[in-house]
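Hi everyone, thanks for coming. I'd like to walk you through a structure that is probably new to you, so let's put it on the screen.

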Amino acid sequence: MTDGVKRVVTGAPWEEQFGYSRAVQLPNGLVLVSGCTSVVGGQIAGGGPYEQAVNSFNVAFDALKKLGLGPEDVVRTRMYITHARDVDEVGRAHKELFDAVRPAASMIIVSGFVDPSLVVEVEVEAYRGKTA
């Protein structure tokens, strides 16, 4: 299934170690962005859940940008958090970034991530509509 599929690799350490792409664009216009955390330049950026959520979405936006898309093209988000107490802060970040877009969204509480200092991971799906 490589015909017409575009892949974005950003050089993040886990991409090479685990063999995945940051984003994959399918021929039908759907773009899937892998789980993004608040790791910027190999370091965890931003301490709290709000900051980590914003940074995580910005990692996803950078991948979308490489495919000529932006936040306005996002149709679905998934937010994974490690504590129920972080719902409001992560939700606030989502609202600030997507209030005008209103994608379908889920927030799921999980037991943890690959680094225990991470409290948020996000996934994004975008859609490239047909151009005129």
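Let's begin with the empty space: the largest pocket holds about 450 Å³. Please keep in mind that this is a predicted model. Which residues sit closest to the centre of that pocket? Of the 23 residues in its lining, those are Ala12, Arg22, Thr37, Val39 and Val59.

Where does the lining come from? Helix 1, strand 3, strand 4 (39-40) and helix 2 each give at least two residues to the lining of the largest pocket. The largest share is from helix 2, with four residues. Sorted by class, the lining has 13 nonpolar, six polar and four charged residues.

Arg22 deserves a second look. Its side chain forms a salt bridge with that of Glu15, at 3.5 Å from N to O. Are these two residues buried or exposed? Both Glu15 and Arg22 are buried.

Right beside Arg22 in the numbering is Ser21, in the loop between helix 1 (13-18) and strand 2 (23-25). Ser21 has a relative accessibility of 14%, so it counts as buried, the cut-off being under 20%. Beyond its neighbours within four places in sequence, Ser21 is in contact with Arg7, Val8, Val9 and Ser34.

Now for the nonpolar core. The largest one has 27 residues, and among those with the most contacts inside it are Ala23, Phe57 and Leu64. At least two residues of this core come from each of strand 3 (30-36), helix 2 (49-65), strand 6 (74-81), helix 3 (87-98) and strand 8 (120-127). Helix 2 supplies the largest share here, nine residues. So what does Leu64 touch, setting aside residues up to four places away in sequence? The answer is Val31, Val33, Leu69, Gly70, Val74, Val124 and Ala126.

Let me finish with charges. Side chains of opposite charge can pair when their charged atoms come close. Across the whole structure, a search finds seven salt bridges. One of them links Arg92 and Glu96, at 3.6 Å from N to O. Because these two are four residues apart in helix 3, about one helical turn separates Arg92 from Glu96. Arg92 is partly exposed, with a relative accessible area of 36%.

Another salt bridge brings Lys95 and Asp99 together, at 3.1 Å from N to O. Lys95, at 48% relative accessibility, is partly exposed, and Asp99, at 33%, is partly exposed too. Finally, Arg78, Glu123 and Glu125 are joined into one network by salt bridges that share partners.

Thanks for listening!

Technical notes: Residues are numbered from 1 along each chain as its sequence is written. This is a predicted model: local features need pLDDT of at least 70, side-chain atom pairs count only at pLDDT 80 or more; totals for chains, interfaces and linings use all residues. Side-chain values use heavy atoms; hydrogens and water are left out. A nonpolar core is a set of buried Ala, Val, Leu, Ile, Met, Phe, Trp, Tyr and Cys residues joined through side-chain atoms within 4.5 Å. Buried means under 20% relative accessible area, exposed over 50%, partly exposed in between (1.4 Å probe, protein chains only). Contact means heavy atoms within 4.5 Å. On a 1 Å grid over the protein atoms alone, a cavity is a set of points where a 1.4 Å probe fits but cannot get out, and a pocket is an open set with protein on both sides within 12 Å along at least five of seven lines; lining residues have an atom within 4 Å of a point. Grid points are joined across faces, edges and corners, and a volume is the space filled by probe spheres set on the points. Ala, Val, Leu, Ile, Met, Phe, Trp, Tyr, Cys and Pro count as nonpolar, Asp, Glu, Lys and Arg as charged, and the others, Gly among them, as polar. A salt bridge is a side-chain nitrogen of Lys or Arg within 4 Å of a carboxyl oxygen of Asp or Glu.
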